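Visitor: I should like to learn how to read a protein model. Might we go through it one feature at a time?

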Amino acid sequence: MSTISVLIVEDDPVAADAHTLYVSRTPGFRAAGTAHSCAAARRLLDRTRAEGTPVDLILLDLHLPDGHGLQFCRAIRAAGHTADVIAVTSARDLAMVRSAVSAGVVQYLLKPFTSAALTDRLERYARYHATLARTGEATGQDEVDQALAALRTPDRTALPKGLSAPTLDTLATVLRTAPEGLTATAAATATGVSRITARRYLEHLVTTGLAAREPRYGTVGRPELHYRWRSPR
C-alpha cells in the first residue's frame, strides 16, 4: 500500500508541530508539509499537484487567520483538488458539524485530543483509503458498507482500558452543564455510577485537556477536588 501524504493546516505553530509528529509516527503516513493559513495551504496543494505528488489528506483547523476552513474546503474543491479532509478544531457547534459534512469533511476531531485519538482517525482513514483506492467495481453492498464503516465507526480501544465511550459522554455532558464545577461525589450522584468510577472518568477528562481540577477548602477537613469543564479556545 502506498504511503498517504498529509498536509497539516494549523495556525498555532506548537499544535502544527505536534500534529506533524503524530502523523510521522503513524505507519503508512507521511507529512507532506505544514501551512499556517489558507493561502499557504493553497500554494502547497497547487505545487504538489503540479509536481505529480498530490496530497491525499488534509488535517484542517477551521479557524485560520485569513479565512474559515470550510470556505477553504469549498475553494479547493472548485479548483479541482481531491484531497480528503479531517477537521481538527475546537468548534463544537452541531450546525458547524453539519456544514463540515456538506463541505466534504470526512472526519471531525475535537480539540484538545490525545495522540491516540488522532492515530485512531488516521488508521481508520487508511482502511477506508485502501478499499476505495482499488480499481474496478465493488463486489457488492457489503464492500461499500465496510469501507464507510472503517471511516465512521469509532474504535473504542482509543480510550484507556476500563473506560467506555457512553459513560464518558454522560460524565462529560454533566460536567459541561455545571458552571460551578462538580466533585466526583456529585458527578457520581448525577450519573448513577460510583464515586471511584466518576473520578476515573473526570481524571481522564483532565488528562485530555477537556476539564480542569482544583482543590477547594471547606470549613473543616481536607480540601475537596472540584472539576470544571474547560471552554475550548
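**Two helices and their crossing**

Guide: Helix 8 and helix 9 are roughly perpendicular to each other, a term used for angles of 65 to 115 degrees, whereas angles under 35 count as roughly parallel, over 145 as roughly antiparallel and the rest as oblique. Their axes come within 8 Å and cross at roughly 110 degrees. Axes are lines fitted to C-alpha atoms, for helices over the stretch in contact, and angles run from 0 to 180 degrees between N-to-C directions. Helix 8 covers residues 184-191 and helix 9 residues 195-207.

Visitor: Which residues of helix 8 and helix 9 make the contact?

Guide: Contact means heavy atoms within 4.5 Å. Helix 8 contributes Ala184, Thr185, Ala187 and Ala188, and helix 9 contributes Arg195, Ala198, Arg199 and Leu202. These residues divide into 5 nonpolar, 1 polar and 2 charged. Here Ala, Val, Leu, Ile, Met, Phe, Trp, Tyr, Cys and Pro count as nonpolar, Asp, Glu, Lys and Arg as charged, and the others, Gly among them, as polar.

Visitor: On what basis are such statements made?

Guide: This is a predicted model, in which local features need pLDDT of at least 70 and side-chain atom pairs count only at pLDDT 80 or more, while totals for chains, interfaces and linings use all residues. Residues are numbered from 1 along each chain as its sequence is written, and side-chain values use heavy atoms, with hydrogens and water left out.

Visitor: How many helices and strands has the chain?

Guide: Helices (H or I, at least four residues) and strands (E, at least two) are DSSP runs, numbered from the N terminus. The chain has 9 helices and 9 strands. Among contacts between residues at least 6 apart in sequence, 62% join residues at least 24 apart.

Visitor: Is Ser5 buried or exposed?

Guide: Buried means under 20% relative accessible area, exposed over 50%, and partly exposed in between (1.4 Å probe, protein chains only). Ser5, in strand 1 (residues 4-9), has 3% relative accessibility and therefore counts as buried. Of the 233 residues of the chain, 42% count as buried.

Visitor: What lies 3.4 Å from a polar atom of the side chain of Ser5?

Guide: A polar contact is a pair of N or O atoms within 3.5 Å; within protein, one must be able to donate a hydrogen and the other to accept it, and residues adjacent in sequence count only if both atoms are side-chain atoms. For Ser5, the partner at 3.4 Å is the backbone oxygen of Pro54. Similarly, the side chain of Thr48 reaches the backbone oxygen of Leu45 at 3.1 Å. Thr48 belongs to helix 2 (residues 38-50) and is buried at 5% relative accessible area.

Visitor: Which residues does Arg49 touch, not counting those up to four places away in sequence?

Guide: Arg49, also in helix 2, touches Pro54, Ala79, Gly80 and His81 on that count. At 38% relative accessibility, Arg49 is partly exposed. Although Arg49 and His81 are 32 residues apart along the chain, their C-alpha atoms are separated by 8.3 Å.

Visitor: Why is there no bond between the sulfurs of Cys73 and Cys38?

Guide: A disulfide is a covalent bond between the sulfur atoms of two cysteines. The cut-off used is a pair of cysteine sulfur atoms within 2.5 Å. The sulfur of Cys73 is 9.1 Å from the closest cysteine sulfur, in Cys38, and this is too far for a bond. Cys73 is buried, with a relative accessible area of 1%, and Cys38 is buried at 11%. A search of the whole structure finds 0 disulfides.
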